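Please open the structure in your viewer and keep the selection tool at hand. The tour below proceeds one selection at a time.

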Amino acid sequence: MRDQRIVVVGGAGFVGSNLVRQALAQECRAVLVVDNLLSAERENLPVDPRVRLLEGSIADLAVLARIRDEWDYVFHLATFHGNQNSIADPLADHEHNLITTLRLFEHLKGYSALKKLVYSASGCTLAPHTYDKPEPVREDGPVPLELDSPYQISKVVGEFYSVYYWRQHKLPTVRARFQNVYGPGEVLGAGVWRGTPATVWRNVTPTFIYRALKRLPLMVENEGQASRDFIYVDDIVRGLIACAERGRAGDVYNLASGVETSILELAQQINTMTNNASAIQFLPRRNWDHAGKRVGSTEKAQQELSFSTAVSLEDGLAATIRWTQANLSLIDRCIQKHAARLAA
C-alpha cells in the first residue's frame with residue numbers, strides 16, 4: 001500500500017477501521033473513508049491527516065459523485081450487518097447490501113486509475129448445511145438456493161454483480177470471501193438501532209468476551225454443536241491487501257484459517273481465559289439458522305495470494321480480551337444507547 005491512494009467503503013466499521021490503520025502503517029498516501037455510521041462509530045477511525053471521512057451512504061448519488069477517478073484501490077466493506085437484522089428488515093438489507101453495491105459498481109465502471117476493487121463476500125453462503133464432519137468449503141463450490149437470510153442472499157448477489165461487472169465492463173473486482181472475523185475494534189452496539197437485539201449482540205466472539213468479562217453466563221444455542229472458522233482481524237486485513245495487490249480480477253478467494261472450532265469450545269475457552277465462573281446457559285437452536293458446521297478451504301489463497309493466517313485462536317482471543325477490557329467504557333456507552341429497546 002506504500003504511496004497508494006485507497007477508498008474504504010465502510011471504513012469506520014470493525015474490519016474497515018483495522019484496514020485503514022494497516023494501510024497507514026504501510027505508508028499509504030491517502031485514505032478516503034465512506035461510511036454512514038449505521039453500524040460504526042466515528043471514533044473508531046484513527047486521527048491522521050491522510051484520512052478523510054465522507055459521511056453518507058454510497059446509495060446516495062451525491063456521495064458517489066465525490067469519489068473521483070483518482071484512487072488506486074477501492075475496498076467495499078459496507079454492509080447491513082448480520083443475518084438477524086436482515087430477517088427483521090429485508091428492505092433495509094436490500095438497500096444497504098445490494099443497492100449500495102450496484103450503485104458503486106455503476107459509478108466506478110470505466111475509471112482508468114482504479115487497479116482493483118475488493119468486494120467483501122460472505123463465506124457462509126456456499127457452506128453446505130450439515131452437522132456431520134464438514135469438508136473445507138472451496139471457492140468453486142456450488143451456490144445453494146436455500147439460504148438462511150436476506151443478508152446471505154444479498155451478499156451472494158453482490159458476488160454475481162462483481163463477476164458481471166468484470167466481464168461486461170472490465171471493472172477489476174476481486175471477491176474476498178470472509179469466514180468468521182473477530183478481534184480488537186468490534187464495538188458491541190456501535191451505530192444505530194437496526195431492529196433486533198443483534199444490533200448489540202452482533203457476533204459470537206465479542207458477545208462472549210464482553211459477557212465473560214462482566215461475569216455473566218455465555219448463552220449457547222443448540223448445545224454449541226455448530227462450528228465456525230474463526231479468523232483474526234489482522235489476518236483478514238492482510239488478506240484484503242493481498243487480494244488488492246495480487247488477486248486476479250474477476251476471481252474469488254477464501255480468507256480463512258482452515259481451523260474448525262465449535263461454539264461450545266469457543267465459549268469454554270473464553271470462560272477459561274477470563275476466569276468467568278458463570279455456568280454456560282444452553283438455549284434451543286435458532287429456528288432460522290441451518291448452518292451447522294463449516295470451515296473454509298485455504299488452498300487457493302495460499303497458492304495464488306501467498307496468504308495464510310498467522311494468528312492462532314488462543315493468541316487472537318487473548319488480544320481481543322485485552323482490547324475489550326481497555327475499551328469497556330466505550331462498549332458500555334454504545335450498548336446503553338439501545339438499552340430501552342433491548343428491554344422492550
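A residue is called exposed when its relative accessible area is over 50%, buried when it is under 20%, and partly exposed in between. The model shown here is predicted.

Select D140 to begin. With a relative accessible area of 60%, D140 is exposed. Add R138, which forms a salt bridge with D140, the closest N and O atoms being 3.5 Å apart. R138 is partly exposed, at 42%.

Next, select the open sheet. Its seven strands follow the order 3-2-1-4-5-6-10, and their pairing is parallel. Strand 3 (51-55) and strand 10 (252-255) form the edges, each pairing on one side only. From one strand to the next, the twist averages 20°.

Now add helix 4 (residues 90-108), which packs on the sheet and touches strand 1, strand 4, strand 5 and strand 6. Helix 5 (residues 150-169) lies across strand 5, strand 6 and strand 10, and runs at about 155° to strand 5.

Move to E43 and R333, a salt bridge whose closest N and O atoms are 3.2 Å apart. E43 lies in the loop between strand 2 and strand 3 while R333 belongs to helix 11, so the pair ties together parts that are 290 residues apart in sequence.

Finally, select helix 7 (residues 233-246), where R238 and D235 lie three residues apart, about one turn of the helix. These two residues form a salt bridge, with 2.9 Å between the closest N and O atoms. Which of the two is buried, and which is partly exposed? D235 is buried at 1% relative accessibility, whereas R238 is partly exposed at 35%.

Note on methods. Residues are numbered from 1 along each chain as its sequence is written. This is a predicted model: local features need pLDDT of at least 70, side-chain atom pairs count only at pLDDT 80 or more; totals for chains, interfaces and linings use all residues. Side-chain values use heavy atoms; hydrogens and water are left out. Two strands pair if DSSP finds at least two bridges between them. Helices (H or I, at least four residues) and strands (E, at least two) are DSSP runs, numbered from the N terminus. Axes are lines fitted to C-alpha atoms, for helices over the stretch in contact, and angles run from 0 to 180 degrees between N-to-C directions. Contact means heavy atoms within 4.5 Å. A salt bridge is a side-chain nitrogen of Lys or Arg within 4 Å of a carboxyl oxygen of Asp or Glu. Buried means under 20% relative accessible area, exposed over 50%, partly exposed in between (1.4 Å probe, protein chains only).
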